[in-house]
Amino acid sequence: MALAAFLLALAALASGQSGAPASSCDNCPEWNRPQPPFRVYGNTYYVGPHGLTSILLTSRAGHVLLDGALPESVPQIVANIRSLGFRIEDVKLIVNSHVHFDHGGGISELQRLSGARVAASPWSVEVLTKTGVGKGDPQFGSIVPVALVPRADPLRDGQTLRVGDIKLTAHFTPGHTPGGTSWTWKSCEGGRCLNLVYSDSMTPVSAEGFRFSDSREYPDAVQDFEQSFAFLRAAPCDILLTSHPDASGLWQRLEGRQRGVRPDPVVARNACRELAGRAAEQLRNRLEMEKSR
Ligand SMILES: [Zn+2]
């Protein structure tokens with residue numbers, strides 16, 4: 001009996017079906033804590049684990065998934081989609097914020113389960129289909145690669161993608177990685193349509209020894225960040241979602257909504273500008289620190 005159980009466990013490991021997959025990082029078990037899925041607004045749903053955002057946009061002609069969290073998040077994401085009454089098999093398009101293992105790590109398996117098309121910025125397409133981790137990535141050397149996808153289509157900055165009546169626009173917001181992408185779309189409830197923004201990470205995090213101020217591998221890092229902050233300051237933004245939900249205070253805002261606070265605290269029209277302000281300050285501090293090294 002013990003041998004049979006052991007062989008089953010081995011088979012499960014070999015096929016990646018283990019009930020408790022090995023964790024990819026120290027923070028990962030915390031990031032991957034289960035989170036009941038919920039409707040953000042209209043056809044926009046949160047389906048990720050508690051610490052890593054994954055967003056489902058639904059339409060009668062198929063769905064879109066934004067970000068795939070960790071490899072070990074995939075069973076949760078699939079179950080969350082199902083518990084909302086939708087099916088992973090109906091996801092037609094998968095896009096991402098940036099191709100680090102904690103946001104793009106699950107994309108390969110989610111693509112396999114859904115058969116969806118994957119589309120990404122040209123820099124991210126290279127990482128997703130060829131290298132798993134990008135040269136010029138400030139965290140190059142300190143992060144594990146993402147699982148590769150067989151095919152991903154390159155996007156243009158400002159390109160609008162459609163699935164059914166979903167219209168989703170890509171905005172290149174590099175800095176955290178050279179291929180970072182934020183997304184905008186509209187969702188409606190009873191004729192009231194709001195502007196949603198899914199912002200990529202805006203943090204200047206790096207491997208030991210990398211300098212944002214004068215990197216040979218990523219010489220445009222600072223001006224890329226400035227471009228990304230400018231996008232956030234200007235974007236029509238009724239609801240801000242971020243690749244780490246904490247970065248936009250999602251759980252406090254949701255708790256307010258659940259307590260019945262009116263107007264709905266999930267709708268926060270200053271949130272994008274405030275995030276741009278915090279991110280610009282983090283970059284200033286980082287560059288100041290680099291001066292003294
Ligand atoms: Zn990252």
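**Disulfides, sheet and nonpolar cores**

Counting the bonded cysteines along the chain, the disulfides of the protein follow the pattern 1-2, 3-4, 5-6. The structure, which is a predicted model, holds 3 disulfides, and these are described here in turn, followed by the sheet and the nonpolar cores.

The disulfide between C25 and C28 has an S to S distance of 2.0 Å. The torsion about this S-S bond, C25 to C28, is about 105°, so the disulfide is right-handed. The two cysteines fall into separate classes of burial: C25, with a relative accessible area of 21%, is partly exposed because buried means under 20%, whereas C28 is buried, with a relative accessible area of 0%.

A disulfide is also formed by C188 and C193, with the sulfur atoms 2.0 Å apart. For C188 and C193 the torsion about the S-S bond is about 105°, and the disulfide is therefore right-handed. On the side of C188 the relative accessibility is 40%, which counts as partly exposed, and C193, at 41% relative accessibility, likewise counts as partly exposed.

C237 and C272 are joined by a disulfide with an S to S distance of 2.0 Å, and this link is right-handed, with 70° about the S-S bond. The pair links distant parts of the chain, since C237 belongs to the loop between α7 (221-234) and β12 while C272 belongs to helix α9, 35 residues apart. Both ends of the link are buried, C237 with a relative accessible area of 7% and C272 with a relative accessible area of 1%.

Strand β12 also takes part in an open sheet of 5 strands, in which the order is β8-β9-β10-β11-β12 and the pairing is mixed. The edges of this sheet are formed by β8 (160-163) and β12 (239-242), each of which pairs on one side only. Between neighbouring strands of the sheet the turn is 25° on average, with direction ignored. Within the sheet, strand β10 (residues 181-189) and strand β11 (residues 192-199) run antiparallel and are joined by 7 bridges; T184 has V197 of β11 as its bridge partner. Helix α9 (residues 271-291) packs on the sheet, where it touches β11 and β12, and the direction of the helix makes about 40° with that of β12.

The largest nonpolar core comprises 32 residues, and those with the most contacts inside it are L56, L65, I81, I94 and L110. At least two residues of this core are supplied by each of α2 (28-31), α3 (74-83), β5 (91-95), α5 (107-114), β6 (117-120) and α6 (122-131). The largest share, 4 residues, comes from α3. The surroundings of I94 can be given in detail: when residues up to four places away in sequence are not counted, I94 touches L65, I107, L110, Q111, S114, A116, R117, V118 and A119. Apart from this core lies another core, of 30 residues, whose members include V40, L66, F172 and W185.

Taken together, helix α9 carries C272, which is bonded to C237 in the loop between α7 and β12, and the helix also touches β11 and β12 of the sheet.

Definitions and conventions. Residues numbered from 1 in each chain as written. Predicted model: local features only at pLDDT ≥ 70, side-chain atom pairs only at ≥ 80, totals over all residues. Heavy atoms only, no water. Pairing = 2+ DSSP bridges. Axes fitted to C-alpha atoms, helices over the stretch in contact; angles between N-to-C directions. Contact = heavy atoms within 4.5 Å. Core = buried A, V, L, I, M, F, W, Y, C linked by side-chain atoms within 4.5 Å. Buried < 20%, exposed > 50% of the residue type's maximum accessible area, 1.4 Å probe, protein only. Disulfide = S-S within 2.5 Å.
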